[in-house]
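User: I should like to learn how to read domains, chain contacts and nonpolar cores in a model. Could you guide me through them in turn?

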Amino acid sequence: MLKVFLWLRYLHKRKIVLLSITAVALSAGMLIVVASLFTGFISAFEQSAVELMGDVVVSAPVSFSNYREFIETLEDTGDVEAATPVLTGRGLLHLGAGNVRAVQIWGIEPQSRARVCGFANSLLGGDGLPGPDSDDSGQQAIGYVGIGLVTEPDPASDEYDFDAAREIIGKRVVLTTGAIKEVGGAVGPRAEVKRKTFAFTVADIVFTGVYGIDSGFLYLPIEQFQRQLYPDEDGERAQMIHIKLAGGCNEAAAVAQIRGLWVQFASEKLNWGQHLISFTDIETSRRMQSRYVLELRKQMGVLLLIFGVASLSVIALVFCIFYMIVMTRQRDVAIIRACGATSSSVAGIFVGFGGFVGLIGAAAGVGLGYIVIKNINVVEQWIRIVFGLKLWKSSVYIFSRIPNEIDWGWAQVIGISAVAAAAVGALIPALAAARCKPVDILRYE
Amino acid sequence: MYKLVLAFRYMFKRRISYLALAAVGLCVFVVVVVMTVMTGLVVDFRQKNHEFAGDCVVGTDSLVGFGYYEEFVEILEQSEFVEAVSPVVKGYALVSGAGSERNYGFELMGVDADRHSAVTGFGRALHYHQDDWANAFRPSYEPNLPGFVAGIDIWLERDSRSKYTHPSEPTRRRFSVSCFPLTAKGALARAGTDVVRTRTFYFSDTSHSGLAKVDGAMIYIPFEWAQQLSGMGGAVKRASAIHIKFTAGTDLSVGCAGVNDLWEKFKAGKQNEKAAALLETVRVQNWKDYRRQFIAAMEKEQVMLTIMFALAGTTTVFVVFVVFYMIVSHKSKDIGILKSVGASDGSVAGLFRLFAVMMGLSGSVVGSLAGWLFLTKINDIENWLFERFGFQLWDRTVYAIGAIPNRLEPGVLAIVCACAVLACMAGAYLPSRRAAVSAPAAVLQVNQL
């Protein structure tokens, strides 16, 4: 009780203690902001992969037929909620006068894709997807175009002009890609890429908020794309299967099960040899990003280390302030000791006070970090308005918005470290207080 | 003189001063190391962008390009301040290898290898034709075949030491390159379905500009071929840009202003020509503005890091404040005596300001020396960490970064040291004011002694 009374008294009477609280709060707040920004970015990065590709991706080295049979097999297992085929290609898209863009083309089934990832939610048009029974064979060819292909983000605000993008819906654009044809040769028939150009109507605009996807992807109905890509083939073809796992299932076990099913399917239905099967990548979409995520985590660690080292000054500051308090409050210490308090309990008062100061500073730091992170997009917008400096651009940092979720795990670690640092800073002054002799200090002369 | 003596005395006799010195030194050390590395990366990146673009670019973002460029090239070549000029064609191409089912979309740049090497670092970025860049598009295995140069990251993988392993000779491989030919109005040059132009090229060389977004996405072909594939080779030939190198000693802004004047006159002279509308989209930019969107991202990161260090440095200001406050409190008798023998308020404040400057300078020297020592060994430390623990500051297979930049920039060092001195002066301001206004009669009373 006496300890708490003294802590509160020193806190109230010694205004200089507020300086150490401010320093602890600033350092903790800054570290929490850095850690939260990085973990928010990493989490958004991983989530964007899930939104684009589902939970698990089966990626074959070459296109394969009978994908519907494989998808049915997958969906019969309890671990797979839905699966969707993808046929990939590259092309050049002519969007209008003088506007040509290189695009990555995905042939998709819009309906099944909407069950696997957030495709339907990314469409700007609002008309939804074509019905599951719609047959496009006799209809006009359609496609879904990334917003970054039809309009550029505003250089000042980094925001897309959605109305301008919507105006493209319903317009005819021209795509050229490579069609794979079998040609005869001296050593027998071989596949060769022939240029294939066709026009389609923009059915909708895709906006995911991920710059690379929005500015580089074009989605075509898989049957339509397949007719262009493989004009000589009758059956259905895909190159990837994107899979959404059932909630609560074990990812590793599910991947192993999918791998087993694929090996069986490829060897029995596709007649693929072991060599070709071994080149099929079956991986969770999060794990596919692991190399880059690892680098991001490393950079976060390095940055936290740098700012952590720079924040070591907090220990020196607490030391100085507490030393000053101990020197000016020697009479308090002597009276406490004269009343029978042991050296360790006197030391405990000051170490505890250090921890108490650290605790208040850490709490203020967490609060500061929380306010900054939660309002980071507003802060960034104000910096742009006041200083004309656009700090966050989706073309550089992938996402349209700055991740604004606080990382409570790191906030805890940093908060505890702040308390420990303040207690360490108070340790030597506390020892000095513990060693003072009441008889020397309380002498009349 | 007494100020200097007392400042030295406080500095070395008061052990608490060492704490402030250590705090300043630590802060300077961290900032010097981080800012040297960051500045090195930015300077290197700017240099590579300069090498890529030349000094000045007259060009348009439109893929249609602009006409009459040949006449303007002649005008530029006659100018005293222009050393070399290179017109280029830019666009997008669909590329596929023989016997492969895969297509790749790349950015396409059509250049005259000799002219472009005279303006930019194109020739120096080549591997097989580094001494013979005029023949960059002639594959050494069959010089009569049309060759192309690929960005190095398209062709080769970078190892963990940021090195590429080239075969002794370029591999004989052929690729078909397709483009949409566009008319001067931007429409497709030919109606119907077969509207692309395709031509086969053979691998000739790689280009290592050091810019990840260029080396991983750009292929280079001869200028005339790019012009034909993009539909720019009609009656009025078109180009996308003209890259310019100024003569040695020409100031960048003066040179660009000169080019701009020439361009405006040229444009005015062509206003009645058939394709004059395309000239309106053309801009004259120095290399910094031309590559602004890429350079600005790194510069902003440097600014953000600086702001964060300024925040972290606040604690150091607090430390200096507390140390000075303690010293002023403990040395009140010194101050009283000084004032009683005639020292003015300003002199007493000056004494502590001098002490603060000495503190800042000493901390800067200690921090800078430690930073310099660390920087000289930073690559060895990283190599050691990589060999023992597999740790690299940046995974070189992911990032196009070579060695960690460790050249101490005098400008950066001067700014950091000046900031350290200013921080110390800011921290010492209130305590020195308190010392200056203290009354000798109050501190030298018998009951205070």
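Analyst: The following turns take up domains, then the contact between chains, then the cores. Please note that this is a predicted model.

User: Which domains does the assignment give for chain B?

Analyst: Domain 1 of chain B is made of two segments, 2-47 + 295-448, and domain 2 covers 61-281. Taken over C-alpha atoms, the centres of these domains of chain B are 50 Å apart.

User: How many residues of domain 1 of chain B are in contact with domain 2 of chain B?

Analyst: Contact is judged by C-beta atoms within 7 Å. By that criterion, five residues of domain 1 of chain B meet eight residues of domain 2 of chain B. The domain 1 side consists of two nonpolar, two polar and one charged residue.

User: What does each chain give to the contact between chain A and chain B?

Analyst: Chain B supplies 53 residues and chain A supplies 49 residues. On the chain B side, the elements giving two or more residues include helix H2 (15-53) and strand E3 (82-97). H10(B) provides the largest share, 15 residues. By class, the chain B side holds 33 nonpolar, 15 polar and five charged residues.

User: Why look for nonpolar cores?

Analyst: In soluble globular proteins, nonpolar side chains tend to be buried together. Here the largest nonpolar core has 138 residues, and B:Ile219, B:Ile221 and B:Ile244 touch the most other members. E3(B) gives the largest share of this core, nine residues.

User: Which residues are in contact with B:Ile219, leaving aside its neighbours within four places in sequence?

Analyst: Among them are B:Ala93, B:Val95, B:Phe106 and B:Leu108. A second, separate core of 108 residues includes A:Ile406, A:Ala418, B:Ala23 and B:Phe352.

Note on methods: Residues are numbered from 1 along each chain as its sequence is written. Chains are lettered from A and ligands numbered from 1 in the order in which they are written. This is a predicted model: local features need pLDDT of at least 70, side-chain atom pairs count only at pLDDT 80 or more; totals for chains, interfaces and linings use all residues. Domain bounds come from an automatic or database domain assignment. Two residues are in contact if their C-beta atoms, placed from the backbone, lie within 7 Å. Ala, Val, Leu, Ile, Met, Phe, Trp, Tyr, Cys and Pro count as nonpolar, Asp, Glu, Lys and Arg as charged, and the others, Gly among them, as polar. Helices (H or I, at least four residues) and strands (E, at least two) are DSSP runs, numbered from the N terminus. A nonpolar core is a set of buried Ala, Val, Leu, Ile, Met, Phe, Trp, Tyr and Cys residues joined through C-beta atoms within 7 Å. A residue is buried if 20 or more other C-beta atoms lie within 10 Å of its own, exposed if 12 or fewer, and partly exposed in between; C-beta atoms are placed from the backbone.
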